[in-house]
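Colleague: I would like a close look at a single part of this protein. Please take one strand, say how covered it is and what it pairs with, and then place it in the rest of the chain.

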Amino acid sequence: MSRVKTLCAMESLVEGVPQVNFVICPAVIDDCDQIYELVQEYYSEYGIPSSRQLNKDTFRKDGFESQNPSFQCFIAKTRKEEDVIIGFVLWFRPIENTTSQPLFLEALYVSKPYRQKHVEHALFEKTIQIY
């Protein structure tokens, strides 16, 4: 799958907070470990009970290794020497192979240092563009 890359140099919503350069693109299996680390932050920050948490193997298998993944994912990555995933959005459609069906947003999360810099907005916009 080719990655569609959109470079965003966004102004912060908060005065005095530096801008951040980032790219929004579809997640691929090589991104899985970094995304899962952010998923763990998400679980912790929002108090998701362990009974509702996916383990790493299930996350990889269900979202990246399956013929019909149970979710799709876009990521936000910094544009530095080494790309660092700073946010993600997980979404799914309730019926397979249908583009006219509703899209359900499962989770949208951005690491604390990158919040209020339009990263959340860019992830959400990318998700609704596919609808």
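Modeller: A residue is called buried here when its relative accessible area is under 20%, exposed when that area is over 50%, and partly exposed in between. The model is a predicted one, and the part I will take is strand β4, residues 85-92. Seven of the eight residues of β4 are buried, so by the cut-off of under 20% the strand is mostly covered.

β4 has a partner in strand β3, residues 72-78: the two run antiparallel and are joined by six bridges. One pair to look up is Cys-73, whose bridge partner in β4 is Leu-90. β4 also pairs with strand β5, residues 104-110, again by six bridges and again antiparallel. Here Trp-91 stands opposite Leu-105 of β5.

Leu-105 leads on to the surface. Together with Phe-124 and Ile-128, Leu-105 makes a nonpolar surface patch of about 240 Å². Phe-124 belongs to helix α3, which covers residues 119-129. The relative accessibility of Phe-124 is 38%, and therefore Phe-124 counts as partly exposed. Thus the residue of β5 that faces Trp-91 shares a patch with Phe-124, a residue of α3.

Now the other direction, through β3. Strand β2, residues 20-26, pairs with β3 in the antiparallel sense, over five bridges. In this pairing Pro-26 stands opposite Phe-74 of β3. β2 is mostly covered as well, with six of its seven residues buried. Val-20 is found in β2; it counts as buried because its relative accessibility is 8%. The C-alpha atom of Val-20 is separated by 7.6 Å from that of Tyr-114, although their positions lie 94 residues apart along the chain.

As for the whole, the protein has three helices and five strands, in the order β-β-α-α-β-β-β-α along the sequence. Of its 131 residues, 37% are buried.

Helix α1, residues 32-46, is worth a check of its own. Its 15 residues should span 21 Å at 1.5 Å a residue, and the C-alpha atoms at its ends are 21 Å apart, so the two values agree. The buried residues of α1 are Cys-32, Ile-35, Tyr-36, Leu-38, Val-39, Tyr-42 and Tyr-43. They lie on the same side of α1, because they cover an arc of only 160 degrees around the axis. The spacing follows a general rule: an α-helix has 3.6 residues a turn, so residues three or four places apart point the same way. Glu-37 and Ser-44 are exposed, on the other side of α1.

Cys-32 also has a contact to note in terms of distance. Its C-alpha atom and that of Phe-64 are separated by 7.7 Å, with the two residues 32 apart along the chain. Phe-64 has its place in helix α2, residues 56-65. At 17% relative accessibility, Phe-64 falls under the 20% cut-off and therefore counts as buried.

To return to the strand you asked for: β4 is joined to β3 by six bridges and to β5 by six bridges, and seven of its eight residues are buried.

Key: Residues numbered from 1 in each chain as written. Predicted model: local features only at pLDDT ≥ 70, side-chain atom pairs only at ≥ 80, totals over all residues. Heavy atoms only, no water. Patch = residues over 30% accessible without salt bridge, like charges linked within 9 Å, V, L, I, M, F, W, Y side chains within 5 Å. Areas by Shrake-Rupley, 256 points an atom, 1.4 Å probe, with all protein chains shown as cover. Salt bridge = Lys/Arg side-chain N within 4 Å of Asp/Glu carboxyl O. Helix = DSSP H or I, 4+ residues; strand = E, 2+ residues; numbered from the N terminus. Buried < 20%, exposed > 50% of the residue type's maximum accessible area, 1.4 Å probe, protein only. Pairing = 2+ DSSP bridges. Expected span 1.5 Å × (residues − 1). Arc of directions from axis to C-beta.
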